[in-house]
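Work through the exercises below with the sequence and the model open side by side, and try each task before reading its solution.

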Amino acid sequence: MGSPLVVHTGSLATVLDPGATNVERILGGLAAGTLITFDPNVRPSLTPSRAMVRSKVERIGALAHVVKMSEEDASWLYPHVSILDVAERYTRLGVDLFVMTRAERGCTVASRGRLRHLPAERTAVVDTIGAGDAFMSGLVYELLRSEAATQLAAGEVEHELLDDCARTALRSAAVTVSRAGANPPSRLELAQPS
């Protein structure tokens, strides 16, 4: 059996032991061609100290090609630290694509020394539950569909292609918040113009 194309992890599985140690071990043992994506999705009320969570998030981040972090996650993990500084911290860890979601303000994308901001799609917000997960799943979907995943796993980066992946993620989040429940879009909905 071959190696998986993509492995995604996040949240409590990456910070609470004994699971967190196992997740880190598994990620560290994956074949070089496997794309690793990570969404810390921190849960301050359920986790121990900020310093411990930050340390574990950075250790998993150092194993990942793609890290998606919400602005809320970043402000809890790194109080009083700018978006630019957080993005630079993760690119120094070796992350090829760092994306910070910023709700109605869109997202900030960092890859190989380039930082850019992509605006959110305009939409009537009905329910924000599931927006972050829809963003992440849209990002992974487009990374696979566009073959950017293969490039990232090989250490290659095309900034425009990565921005297109982030735009699909923004579209996924916009569709999700436009209706009740954590109800992400289908592939057909993602393909429709905004």
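**Exercise 1. Describe the two sides of helix 1, starting with its exposed residues.**

On one side of helix 1, Arg25 and Gly28 are exposed, where exposed means over 50% relative accessible area, buried under 20% and partly exposed in between, with a 1.4 Å probe and protein chains only. Helices (H or I, at least four residues) and strands (E, at least two) are DSSP runs, numbered from the N terminus. The model is a predicted one, in which local features need pLDDT of at least 70 and side-chain atom pairs count only at pLDDT 80 or more, while totals for chains, interfaces and linings use all residues. Residues are numbered from 1 along each chain as its sequence is written, and side-chain values use heavy atoms, with hydrogens and water left out.

Next, list the buried residues of helix 1 (residues 19–28), which are Ala20, Val23 and Leu27. Seen down the helix axis, these buried residues fall within an arc of 60 degrees, taken from the directions from the axis to the C-beta atoms, so they line one face of the helix. Finally, look for what they pack against: strand 1 (6–10), strand 2 (35–39) and helix 2 (50–63), with contact meaning heavy atoms within 4.5 Å.

**Exercise 2. Work out the strand order of the sheet and find its edges.**

Begin with the order, which is 1-2-3-4-5-6 in an open sheet of six strands with mixed pairing; two strands pair if DSSP finds at least two bridges between them. Strand 1 and strand 6 stand at the edges, each with a single partner strand, so one side of each is left without a neighbour in the sheet. The twist averages 15 degrees from one strand to the next, with axes being lines fitted to C-alpha atoms, for helices over the stretch in contact, and angles running from 0 to 180 degrees between N-to-C directions.

Then take one pair in detail: strand 3 (residues 66–70) and strand 4 are parallel, joined over five bridges, and Ser70 stands opposite Thr101 in strand 4. To finish, add helix 5 (residues 131–145), which lies across strand 1, strand 2, strand 3, strand 4 and strand 5 and runs at about 160 degrees to strand 3.

**Exercise 3. Locate the backbone geometries that deserve a second look.**

As background, most residues other than glycine have a negative phi, and most peptide bonds are trans. The peptide bond from Asp17 to Pro18 is cis, with omega near 15 degrees, and Pro18 lies in the loop between strand 1 and helix 1.

Turning to phi, Ala103 has a positive value near 55 degrees; this residue sits in the loop between strand 4 (97–101) and strand 5 (107–111) and is exposed, at 54% relative accessible area. Arg112 also has a positive phi, of about 45 degrees, and belongs to the loop between strand 5 and strand 6 (114–118), where Arg112 is partly exposed at 45%.

**Exercise 4. Explain why Cys107 and Cys165 are not joined by a disulfide.**

Apply the cut-off, by which a disulfide is a pair of cysteine sulfur atoms within 2.5 Å. The sulfur of Cys107 is 11 Å from its closest cysteine sulfur, that of Cys165, so the two are too far apart for a bond. The structure accordingly holds zero disulfides. Burial is a separate check: Cys107 is buried with a relative accessible area of 0%, and Cys165 is buried with 0%.

**Exercise 5. Is Asp163 buried or exposed, and which residues does Asp163 touch?**

Asp163 is found in helix 7 (residues 159–177) and, at 4% relative accessibility, counts as buried. Leaving out residues up to four places away in sequence, Asp163 touches Val109, Arg116 and Leu118.
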